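Let's take a walk through this structure together. Have the sequence and the 3D view ready, and we will go from helix packing to the surface and then to charged pairs.

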Amino acid sequence: MLLELAILLATIGTGAVLAVPRLRKAVVWRAIITPLASIIGSGFLVLGPLLNHAFGWFAPLAMILLCAVSWGVGAAIRDNIAAFGDKGVPHGRAETLASALLGFAYIISVAYYLNLLGAFALSLTPLTEPVYGRILATAVYLVILGVGWTRGFALLESMEYGSVALKLSIIAGLLVALGIYLAQTLNAGTVVVAPAQITGWTGITLGFGMIVTVQGFETSRYLGHTYDAETRIRSMRLAQIISAAIYLIYIVFIAYSFQPDAVDLSETAIVDMMGIISPILPVLLVAAALAAQFSAAVADTNGSGGLITELSRNRLKPKQAYAVTVGLGLVITWTADVFQIISYASRAFAAYYAVQAGIAAVRNWPTHKLRAGIFAGFSGLGLMIVMFGTAIE
């Protein structure tokens, strides 16, 4: 009972803090919410069991490397924001290519979010076969398309802060539970130090396929209509720092508390894993998953629709663009499993990051050779992820 009380106090206490009007209205915090919601979304739900299964006690190192890559790419995008200032996103060929790649990445990520939503929604029911999750994902796709087609996304977008606050509150409760569980493991002398199951080049390419789990910081770049350049740069930096700290604590707690084969590896393995600690955690995680996946899917459907409309020079109206996003997403839903979709999305976002880092490298080359070289390196790394990123089998 004491553990459950601690979980509920952490969850409710965090929710109360996030509900404080002064914090909700703070400009920088409002700017942080969008990238933070994108970074700590689906990735948080699948990454713990996935890294633990693949890398054992090396999982925290793999997490550090993922965060380091995302920080480097984020630095390139922040450099672009500073260069273009408050003038918005330029319309050169490179930026047009970047926008096209991002629109495509959003289409895949919506499939990723909604397939996870389907899996988590049914994880506590007898309907655990993949086909049922796909049916539910299809139904939610149609709901989102219906709302976007008839009323626009303003109604659904208004839910963003509430869903983010719920998700962060539940994560706080989860981390408290994991911390207590690890402390008990240390006290009992049963700390887990499991060897890596995947090493070498295979491990590297698997890491490439996980980039999407730390993706989302780039959304700050496209908030120019709401925030000035300085605020967007600061919001991205803080969102990455906060999310990296949360991810690293989470992965350390998982890696040294659970054997890699403690539960069967699946997209909802975290639910079974947390059920070992407390019976209330699976329910809280499913609630967090539904809120996170739905809000993220709405945001990315909206983003993809907007980019498709822009790239078509308004030949496709937003309603038609939403239909394109949903149609392609349904094809992905019924032809790939979640781990394959994670790999596809990682490659798509890596292509976008490669172009953004390349833009920063070319722009810096005349005056800042070292900085340009670093950005060029991240651009090359993005291309390697596109070519070699793999899904876990």
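What follows is a short tour of a predicted model.

Start with helix α6, which covers residues 93–121, and helix α13, which covers residues 280–311. Their axes come within 8 Å and cross at roughly 155°. Angles over 145 degrees count as roughly antiparallel, so α6 is roughly antiparallel to α13. The crossing of these two helices, α6 and α13, is left-handed. As for what sits in the contact of α6 with α13, its residues divide into 21 nonpolar, 8 polar and 1 charged.

Now turn to the surface. Here W57, F58, L61, I64, L65, L186, V191 and V193 make a nonpolar patch of about 740 Å². Which helix gives the most to this patch? That is helix α5, residues 59–84, with 3 residues; L61 lies in this helix.

Helix α5 also brings us to the charged pairs. Side chains of opposite charge can pair when their charged atoms come close. The model has 2 salt bridges. In one of them, the side chains of R363 and D79 meet at 2.6 Å, N to O. This pair links distant parts of the chain: D79 sits in helix α5, while R363 belongs to helix α15 (residues 338–364), and the two are 284 residues apart.

Technical notes. Residues numbered from 1 in each chain as written. Predicted model: local features only at pLDDT ≥ 70, side-chain atom pairs only at ≥ 80, totals over all residues. Heavy atoms only, no water. Axes fitted to C-alpha atoms, helices over the stretch in contact; angles between N-to-C directions. Helix = DSSP H or I, 4+ residues; strand = E, 2+ residues; numbered from the N terminus. Parallel < 35°, antiparallel > 145°, perpendicular 65-115°, else oblique. Left-handed = near helix turned anticlockwise from the far one by under 90°. Nonpolar A, V, L, I, M, F, W, Y, C, P; charged D, E, K, R; others polar. Patch = residues over 30% accessible without salt bridge, like charges linked within 9 Å, V, L, I, M, F, W, Y side chains within 5 Å. Areas by Shrake-Rupley, 256 points an atom, 1.4 Å probe, with all protein chains shown as cover. Salt bridge = Lys/Arg side-chain N within 4 Å of Asp/Glu carboxyl O.
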